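Dear colleague,

I am passing on the structure below, and my notes on its sheets and on one helix follow it. Please read them alongside the coordinates.

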Amino acid sequence: MRAMRKFLAGAIAAATFFAGASAHADQPRDWQTGFQAPATDMMRQIEWFGNYTLWFIIPITALVLFLLAYCIIKFRASVNPVPSKTSHNTLIEVIWTVGPVVILLCIAIPSFQLLTAQYTPPEDAKLTVKATGNQWNWDYEYQTENTISFNSAILQDADRAAAGKEDRKVYPRLLAVDNEMVVPVNTMTRVLVTATDVIHSFAMPAFGIKMDAVPGRTNETWFKAEKEGLYYGQCSQLCGKDHAFMPIAIRVVSDAQFKSWLAEAKTNLPGANKALMAEVDGQNKVAAAGN
């Protein structure tokens, strides 16, 4: 009974943790082996393709291991002192050639379709944000009627209280930033990616995007987030000594919240961020109480 109570208590605690975390979208977790929960259709396609390839990877790995073990046991010197002189087998060679070709075709066709979809937005972008990588932070520029630009850097522990970001479940260490990129939900967003010094990489796992930021060149990626919340990524290109301390945070909010934030951020970015955080946190608390 004691063991059962401990198990139930652990299960309830885990459920509470994940329920609280789900209100704030997804983020990396300790000992995570799979993808983050997808927040875009593109990431769902990537997740499907990853699972699809396992139907080939696992049987091939098992077959190769079986053949190795079979050869080691069946044809070891102690039971096979006189080895076979056979050097060719037409049937085996045909199977060994045609089989991989068929498998590669089965993988290549959906792979090319996915690659094409990643570079072919289904609709025109309604919001464009320029992300510029620096050593070791990001500059964001909203290309709206009145341009807004600000810097986003890793949040230092000493600044958490002043920023109102003391909850480490929502604002994890080494991933939380001082100023998040804010975008509206269900809105096609184009991100222009470049850099000022060395090559960086703008990556957001839950959105299924990853684009190199190259000095002197502007690359383009896009996403359409379908769930509100706070999402985290990191620079995915080795860019110097503080590469591990260059997080990316994107806050997805409702269209009304985004318009309010955008209007306030033009003149008072810290105030706009705090007002948005207060509104979002208040909604999450109400939603948690309702559950």
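Two strands are said to pair if DSSP finds at least two bridges between them, where strands (E, at least two residues) and helices (H or I, at least four) are DSSP runs numbered from the N terminus. This is a predicted model, in which local features need pLDDT of at least 70 and side-chain atom pairs count only at pLDDT 80 or more, while totals for chains, interfaces and linings use all residues. Residues are numbered from 1 along each chain as its sequence is written, and side-chain values use heavy atoms, with hydrogens and water left out.

In the open five-stranded sheet, ordered β3-β2-β1-β5-β8 with mixed pairing, the edges are β3 (148–152) and β8 (219–223), each of which pairs on one side only. Within this sheet, β1 (residues 127–134) and β2 (residues 137–142) are antiparallel and share six bridges, and K130 has E141 in β2 as its bridge partner.

A second open sheet has three strands in the order β4-β10-β9, again with mixed pairing; β4 (181–184) and β9 (229–234) each have a single partner strand, so one side of each lacks a neighbour in the sheet. Strands β9 and β10 (residues 247–253) run antiparallel and are joined by six bridges, with Y232 opposite A249 in β10.

In helix α5 (residues 255–265), Q257, F258, W261, L262 and A265 are buried (under 20% relative accessible area, 1.4 Å probe, protein chains only). The face turned away from the buried side of α5 carries A256, K259 and A263, which are exposed (over 50%).

Best regards
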